[in-house]
Every structure is written in structure tokens, then in C-alpha cells.
Amino acid sequence: MDIIRTNLLSAGQADEIKELLNECRDSKGQTPFFPFEDGDLFYLLFTETDNNAAGRILACAAALSFFEESGAPYAECSAFTRSDLRRKGYFSLLFDELSQDIEKVDLYFPVTDPEPGTLAALASLEAIRDRDEYRMELELECAKAFSGAPFQETSAPGTWKVPGSRLHTQWEETEHDSFLLSFYQEEKAVGNCCLSFFGDSACFYSFEIKEELRGLGLGWEALSLTLSLLLKGLPRPGCRRLSLHVSGLNTPAISLYRKAGFHIKESLSYYLY
């Protein structure tokens, strides 16, 4: 048995993890997500086998991604064991190794549609369900926005609005294919959101209306304004769908997104160790 700890996967190691993930497809045939690009530390446990020409096989793989929120560091762990090698203690051995790197941070396990084996492994670690999160998606052609309304630039260059809306918006590119949109009522800033584009899709995040202005319908107008902008091909053309993540506890936001035409595509549960 051999455990490898690395902050950079080789092409061969990435291929072995992909093969393992194919073995871990869920009951719907979906291959689980693994943070190849966003992971900070990777752990690979190999075991000897007579059924593999190379004499060894990747039994278990894990990744740690480190974050900080409001000054509090935490980590997320994605870990998978081959279905035919479960209940043999491989994950426990791998977890003992990675535990040395999380002594001073909270650890979360993001789990999509947990199966009995996954729940049993989490229970053995005494991890508790902390919160749920949803991934929602919208096909822009189905968006409930300021449909058909003329979207026009105002007298201030780079400032756009739709007749009938109380808001206008400006944007700036923060990095390649990522934009910050700011919303204004007359000259007063009321909120903002961010868009990151990937091919014909975009991720919508960091949407916020100032606390003292909530409950006035400005969130709906800001979201509608954003969707109208995208339908016009701004701030980048070619976007066909929009996705976002929202906490399961944020009922008002979920209702707002449903009103705009978003649908829940995936549920994600976070277990705290």
C-alpha cells in the first residue's frame, strides 16, 4: 500500500483519478465532481492487486480545498473509494493522512445525493449535516425578465436601463470574462452582482441588495435587468444559460430565482467534521 500527498497532479495521476470516478458513478449514472483545478492538496492511496497489469490500483483519492470567510479558515474535502474496495479501511487510512493538514480549520464534506455507503462513512467520522445548498439553472430563452423591452444606453456612457425599471446598471470587467455589475436608483448605489462566462454559459454570484433597501422589490428588478442585459448580448455575447448556487436556508432568494425561471438542478449537502 502506498499513499501519495501532492499539491500538483501529474497527467497520469489525473487519469487514474478519472478512472476511479467512473467506478464511483451514482445510481443515475452521473460521474462525481472532483476539484482537479481548484484543489490545493491531493491524496492518492494505491493498493496491490492481482487483477491489474501494473500490480497496483488507485483504491481511494481525496482533495482538500482551502477557503477563508470573514477571517475564519475552513477546508472542503472531496473523497472517493472504488466501489469494489469499500469497507476495507482504505478511506480511514487516507483520512488519517490528510487529517494532519486540517488540524486548525473546520472541515466540510460536500455530498451530492448521498448513498448509504457515503452516509456510513460520514457517520463513522461523526460528521454532522451542517447545511444544504442548491445549484439552480436557467435557460435564457425561458427567462422571465423585461421581455421585449428596449434596453438602451443612457446619457452616461456605459450606463444601461430598461424603460419602466427604477434601476440602471453599469459594469466593469474584473478579470478575463468576469464582470461586476452595479445597480443604481437615480444616483444611489443599491446593490451588485458578478458574472463569470464559460463558453455559452455564465455563473451568477455575489448578488446583493443593500440591507436597508430590501423588501422593496429592487432585488427582482436588479435580477430582471441582469437577465435583460444577457439577452441583449451584454456584457458578453453568446450566453445561453445561467447557473448559480444558493443556500437551502435562503428561502427568499430561492423564491426570487424560481420567479425568474430558475430550476433546481442539484442538491448539495455539507457535513461538518
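Are Phe204 and Phe207 buried or exposed? Select the two residues in this predicted model and you will find that both Phe204 and Phe207 are buried. Their ring centres lie 5.3 Å apart with the planes at 55°, so the pair is classed as tilted.

**Other aromatic rings**

The pair just shown belongs to a wider set, since a search of the whole structure finds 12 aromatic pairs. For another geometry, select Tyr257 and Phe262, where the ring centres are 5.6 Å apart and the planes stand at 65°, so this pair is edge-to-face. Tyr257 counts as buried at 8% relative accessibility, and Phe262 is buried as well, with a relative accessible area of 1%. Next select Phe67, Tyr74, Tyr108 and Tyr270 together, which ring pairs link into a cluster.

Keep Tyr270 in view and add Arg131, which lies over the face of the Tyr270 ring, 4.1 Å from its centre. A further case of a charged residue over a ring is found at Lys18, which lies over the face of Phe36 at 5.7 Å from the ring centre.

**Strand β6 and Glu133**

From Arg131, move to Glu133, a residue of strand β6, which covers residues 128–139. Glu133 is buried yet has no salt bridge, and the nearest side chain of opposite charge, that of Arg131, is 5.0 Å away. If residues up to four places away in sequence are set aside, the contacts of Glu133 are His245, Val246, Ser247, Gly248, Glu266, Ser267, Leu268 and Tyr270, so that the last of these names leads back to the ring under Arg131.

**Salt bridges**

Side chains of opposite charge can pair when their charged atoms come close. Across the model the count comes to 13 salt bridges, and a few of them are worth selecting in turn. Glu137 and Arg135 form one of these, with the closest N and O atoms 3.1 Å apart, and Arg135 is partly exposed, having a relative accessible area of 24%. Arg214 forms another with Glu208, the closest N and O atoms being 3.6 Å apart; here Arg214 is partly exposed at 47% relative accessibility, and Glu208 is also partly exposed, at 44%. To see a network of salt bridges, select Glu139, Asp200, Arg240 and Arg241, which are linked in this way.

**Helix α4 and its surroundings**

Which helix does Arg166 reach through its salt bridge with Glu221? Select both residues: the closest N and O atoms are 2.8 Å apart, and because Arg166 lies in the loop between β8 and β9 while Glu221 lies in helix α4, the pair ties together parts that are 55 residues apart in sequence. Arg166 is partly exposed, with a relative accessible area of 38%, whereas Glu221 is buried at 12%.

Now select the whole of α4, residues 218–231, whose 14 residues should span 20 Å at 1.5 Å a residue, in agreement with the 20 Å between its end C-alpha atoms. Of those 14 residues 12 are buried, so the helix is largely enclosed by the rest of the structure; among the buried ones are Leu218, Gly219, Ala222, Leu225 and Leu230. After α4 comes Gly233, which has a positive phi, near 90°.

Finish at Lys161, in strand β8 (residues 159–161), which is partly exposed with a relative accessible area of 29%. Lys161 and Leu225 are 64 residues apart in sequence, yet their C-alpha atoms are 7.4 Å apart in space.

Notes: Residues are numbered from 1 along each chain as its sequence is written. This is a predicted model: local features need pLDDT of at least 70, side-chain atom pairs count only at pLDDT 80 or more; totals for chains, interfaces and linings use all residues. Side-chain values use heavy atoms; hydrogens and water are left out. Helices (H or I, at least four residues) and strands (E, at least two) are DSSP runs, numbered from the N terminus. Buried means under 20% relative accessible area, exposed over 50%, partly exposed in between (1.4 Å probe, protein chains only). Rings of Phe, Tyr and Trp (its six-membered ring) pair if their centres lie within 6.5 Å; planes under 30 degrees apart count as stacked, over 60 as edge-to-face and the rest as tilted. A charge sits over a ring if NZ of Lys or CZ of Arg is within 6 Å of the ring centre and within 35 degrees of the ring normal. The expected span of a helix is 1.5 Å times one less than its number of residues. Lys and Arg count as positive and Asp and Glu as negative; His and the chain ends are not counted. A salt bridge is a side-chain nitrogen of Lys or Arg within 4 Å of a carboxyl oxygen of Asp or Glu. Contact means heavy atoms within 4.5 Å.
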